[in-house]
Amino acid sequence: MPETVAAAVTRTPSGRLALAASPEPIALGPLDGRYQSAVAPLVDYLSEAALNRDRVAVEVEWLIHLTSNNVLPGAGPLTTEQQEKLRAIVTEFDSASVAELAEIEAVTVHDVKAVEYYIGRRLPAIGIENLTAMVHFGCTSEDINNLSYALGVKGAVEDVWLPAASALVNQIEAMAEENRAVPMLSRTHGQPATPTTLGKELAVITHRLSRQLDRVSKTQYLGKINGATGTYAAHVASVPGADWEAVAQSFVEGLGLTWNPLTTQIESHDWQAELYADVARFNRILHNVCTDIWSYISIGYFRQIPVAGATGSSTMPHKVNPIRFENAEANLEISNGLLDTLGATLVTSRWQRDLTDSSSQRNIGVAFGHSLLAISNVAKGLKALDVAEEVLASDLDTNWEVLGEAIQMVMRAEAIAGVEGMENPYERLKDLTRGQRVDAVRMQEFVSSLGLSSEAEARLLALTPGKYTGIADQLVDHLK
């Protein structure tokens, strides 16, 4: 729970200024404070409260599954009303439930055991107090936790992160289509290079990000429920006649997860590492987008639309800073730091079990939160941009030397066709253009002096940097 905010300024014993406690909550981290509204949807899936709700849900469904399939002699199917009341324990889970669980855990000093007792308290009112011993039957804590985390992460990705990321990619795709034919000077190694179109470059971004979203959308969320060391030992000892593998598989798959048949005490978490690597790769590509857009803003290719009342600088009133993209960069880096750590930590466990995964997984929501915040900032930043087509056109018009590539390639083609005087085309263009600015008049004079065929000469004389974009605009169609 958040610490309390100060009502008055006091001094600590060391002399530091301190804040006296008040009933108002204050967050230690920015995701629960300054940026809470941007990441709020994740709370329903990846918060501690959501984890406990999912633990309750898994325990309830396990009890219903065991009784519905007559797995234990003497514990036949529940009535429809009893099942509904059991599931209501989940749907009615609220802040009071969180507080009650905390009180129980203060005694048990064990979070999953607290969930077991929490459910057990409610069975008498449902008329199934005799089934209290079936709550958490055959389970180790990790049986409940791995399924709960899988459900929470699956929900967060499919219901929150993927829709937000997909909306951003669609936004960039729309920009690509709108600007498909807008010519733009390329810069390889930071130097003027063969022109492209703004739309084609945005299409490259769209294509890259879309591939990662496709990988994320195909994630398998694995789960297991096979006991203390993955052997069903307690299950077989207590009810030897049951087909426990079939019971476990049908239960896990019934939750919408993929059954993992071979584990130690823990589900191995490999699927988590795979997912986090894909999300991190999306983040890294998006980080590259941010730095490129920031750079294009800095050279005037994009104009930022001022927000009424906003201040760009506390001392320079003219400034409109690209803060959305800078904020996104930072949050993507923080997200990836956590995702990389989670991916590396979760795939390792000492022998059959250690608790490093337990502490690590509590930060899954933070990792996704910083990514979601970055996605939100990029989307807002892109909406506040106008393409400065006149700046792009001016940049092209002052870099006629980029046509050197086209001219020397035409000369090569002419030489192959038998036209005389086309020797050393690369070297001749290098002498003309390397490290030098060449304007339209000088370039056209050079073309006219080459002795090209009339068709080739006319074609080159009609060429400008703004027209030297190949089929860039058509390449945007690959997004369809």
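**Exercise 1.** Which residues does L86 touch, not counting residues up to four places away in sequence?

*Solution.* The model is predicted. Start at L86 and skip its sequence neighbours up to four places away. What remains is V60, L63, I64, L78, L123, I126 and I128. Now place L86 in the wider packing. The largest nonpolar core has 108 residues, and L86 is listed with W161, W244, L275 and F368 as having the most contacts inside it. Helix α8 (residues 141-178) supplies the largest share of this core, 16 residues. A second core is separate and has 19 residues, among them L403, A406, F446 and A456.

**Exercise 2.** Decide why A330 counts as partly exposed.

*Solution.* First, locate A330: helix α13, residues 323-346. Next, take its relative accessibility, 35%. Partly exposed lies between the cut-offs of 20% and 50%. A330 therefore counts as partly exposed. Finally, check its distance to S371. The two are 41 residues apart in sequence, yet their C-alpha atoms are 9.8 Å apart in space.

**Exercise 3.** Describe how α13 and α15 are arranged.

*Solution.* Two packed helices are described by the angle and the distance between their axes. For α13 and α15 (residues 364-383), the axes come within 8 Å and cross at roughly 155 degrees. Angles over 145 degrees count as roughly antiparallel, so α13 is roughly antiparallel to α15. The crossing is left-handed. Then look at the contact. Residues of α13 including F325, L332 and L339 meet residues of α15 including V366, L373 and V378. The contact residues divide into 14 nonpolar, seven polar and two charged.

Definitions and conventions
Residues numbered from 1 in each chain as written. Predicted model: local features only at pLDDT ≥ 70, side-chain atom pairs only at ≥ 80, totals over all residues. Heavy atoms only, no water. Helix = DSSP H or I, 4+ residues; strand = E, 2+ residues; numbered from the N terminus. Buried < 20%, exposed > 50% of the residue type's maximum accessible area, 1.4 Å probe, protein only. Axes fitted to C-alpha atoms, helices over the stretch in contact; angles between N-to-C directions. Parallel < 35°, antiparallel > 145°, perpendicular 65-115°, else oblique. Left-handed = near helix turned anticlockwise from the far one by under 90°. Contact = heavy atoms within 4.5 Å. Nonpolar A, V, L, I, M, F, W, Y, C, P; charged D, E, K, R; others polar. Core = buried A, V, L, I, M, F, W, Y, C linked by side-chain atoms within 4.5 Å.
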